[in-house]
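Got the viewer open? Good, keep the selection box handy and we'll walk through this one stop at a time.

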Amino acid sequence: MAAYLPATRMAAGVLVALCLPVHASGSSTPAPQDCDKPVYLTFDTGHMGVADLVADVLRRHQVRVTFFAANETTQQGDGSLGTHWAPWWKARAQEGHRFASHTWDHTYWRGDLGTAADRSFRVRPSQGAHKDQTVTLSAAQYCAEIRKSSDWLRQTTGQAPLPLWRAPGGKTSPQLLQAAEACGFKHVGWSPAGFLGDELSSEKFSNAALLQQALARIRPGDVLLAHLGIWSRKDPWAPAVLEPLITGLQAKGFCFRTLDQHPDYRAWVQGHTAAPAPARQP
């Protein structure tokens with residue numbers, strides 16, 4: 001099973017990895033029959049400024065990925081899960097990509113409250129009515145946060161989202177993971193080598209260095225993480241790195257798969273995926 005770490009730790013890990021010799025981790029996992037070196041590229045939402053570029057690169061190289069979606073502020077239009085972006089998500093569904101939840105309001109876990117019989121969580125959304133406020137959600141309310149994005153994707157695209165989710169920042173606790181699994185959602189982090197660095201400072205971590213590091217460190221079975229736009233990075237990652245990363249990995253014999261094919265999640269997905277819902281009318 002691949003090892004997953006919170007994004008805050010991974011950022012520090014990249015700083016070390018850029019300065020020290022790379023060392024392989026034991027993250028390889030069994031692959032689908034048609035590919036013996038699969039990797040699982042995933043994108044979290046962001047300001048969506050590179051969304052069309054990402055879609056174009058993936059389409060030209062016939063790469064299928066898994067998108068983790070939250071309703072985040074964008075550079076244009078309404079939120080990333082709003083009317084403006086609905087056609088974009090429909091088009092990705094038609095191309096064979098898969099979707100999962102990143103919570104609706106990009107809600108960060110901050111601490112556990114309550115008891116085992118009555119769990120609640122201290123959280124801090126970065127979007128929505130309680131943006132940048134610390135609030136308390138019951139386990140059922142946090143599950144509703146996860147489910148709201150999943151339901152929007154289902155209704156908008158007509159495709160059943162995967163019964164998976166990713167916590168903003170990768171921040172979780174055993175109690176939060178148990179609560180989410182109880183309402184049907186299994187958490188997905190990323191592999192140490194899969195932290196692609198697109199949310200790091202471009203002054204400290206150049207695109208060329210991040211690309212070189214990824215091509216050297218990624219191993220079969222790794223879950224890779226990037227975003228559809230990061231506000232804080234001045235030199236955007238995707239225009240410079242995404243295509244050479246894909247072609248570089250393909251040249252080394254890697255193939256790209258969606259998370260429903262990952263051996264750590266395949267059985268869960270098969271046991272929890274419901275039938276697709278009708279798409280929203282335009």
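Start inside: this is a predicted model, and its largest nonpolar core has 58 residues. Select F43, W89 and I218, which have the most contacts inside that core. Now add residues 238-251, helix α7: this helix gives the most to the core, with six residues.

Stay on I218 for a moment and show what surrounds it. Which residues is I218 in contact with, leaving aside its neighbours within four places in sequence? The list is V39, A193, L196, L224, L245, L249 and F254. Once you have those on screen, pick I146, W165, L176 and A180: they are among the 14 residues of a second core, separate from the one you just looked at.

**Next stop: a small sheet**

Colour β4, β5 and β6. They form an open sheet of three strands in the order β4-β5-β6, and the pairing is antiparallel. Why is one side of β4 and of β6 left without a neighbour in the sheet? Both β4 (107-115) and β6 (135-138) stand at the edges and each has a single partner strand, so one side of each has no neighbour there. Look along the sheet and you can check the twist: neighbouring strands are turned by 35 degrees against each other on average, if you ignore direction.

Zoom in on the β5 and β6 pair. Strand β5, residues 118-125, is joined to β6 by four bridges, and the two run antiparallel. For a handy landmark, label V123 and V135: V123 stands opposite V135, which is in β6.

Now bring back the helices around this sheet. Helix α4 (residues 139-157) packs on the sheet and touches β4, β5 and β6, with its direction at about 90 degrees to that of β6. Then select residues 174-182, helix α5, which lies across β4 and β5 and runs at about 105 degrees to β5.

While you're here, click on D132 in the loop between β5 and β6. Its phi is near 60 degrees, a positive value in a residue other than glycine. With a relative accessible area of 43%, D132 is partly exposed.

**Next stop: the cysteines**

How many disulfides does a search of the whole structure find? It finds two. Take C143 and C183 to begin with, since you already have α4 and α5 in view. They are joined by a disulfide with an S to S distance of 2.0 Å. The torsion about that S-S bond is about -85 degrees, so the disulfide is left-handed. C143 lies in helix α4 and C183 in the loop between α5 and β8 (186-187), so the pair ties together parts that are 40 residues apart in sequence. C143 counts as buried, at 7% relative accessibility.

Then jump to C35 and C255, joined by the other disulfide, with S to S at 1.6 Å. Here the torsion about the S-S bond is about -100 degrees, so this disulfide is left-handed. The pair links distant parts of the chain: C35 sits in the loop between α1 (7-17) and β1 (38-44), C255 in strand β10 (residues 255-256), and they are 220 residues apart. Both C35 and C255 are buried. Number the bonded cysteines in sequence order and the pairing reads 1-4, 2-3.

**Next stop: a buried aspartate**

Select D44, which has its place in strand β1. Is D44 buried or exposed? It is buried, with a relative accessible area of 3%. Show side chains and look for H102: a polar contact of 3.5 Å joins the side chains of D44 and H102. Beyond its neighbours within four places in sequence, D44 is in contact with F68, H102, R166, L225, A226, H227 and L228.

For contrast, go to Q62 in the loop between α2 (51-60) and β2 (66-69). Q62 is exposed, with a relative accessible area of 67%. Its phi is near 55 degrees, a positive value in a residue other than glycine.

**Last stop: zoom out**

Show the whole chain as a cartoon and you should find eight helices and ten strands. Of the 282 residues in the protein chain, 53% are buried. Among contacts with a separation of 6 or more, 75% are between residues 24 or more positions apart.

Technical notes: Residues numbered from 1 in each chain as written. Predicted model: local features only at pLDDT ≥ 70, side-chain atom pairs only at ≥ 80, totals over all residues. Heavy atoms only, no water. Core = buried A, V, L, I, M, F, W, Y, C linked by side-chain atoms within 4.5 Å. Buried < 20%, exposed > 50% of the residue type's maximum accessible area, 1.4 Å probe, protein only. Contact = heavy atoms within 4.5 Å. Pairing = 2+ DSSP bridges. Axes fitted to C-alpha atoms, helices over the stretch in contact; angles between N-to-C directions. Disulfide = S-S within 2.5 Å. Polar contact = N/O pair within 3.5 Å; in protein donor to acceptor, adjacent residues only side chain to side chain.
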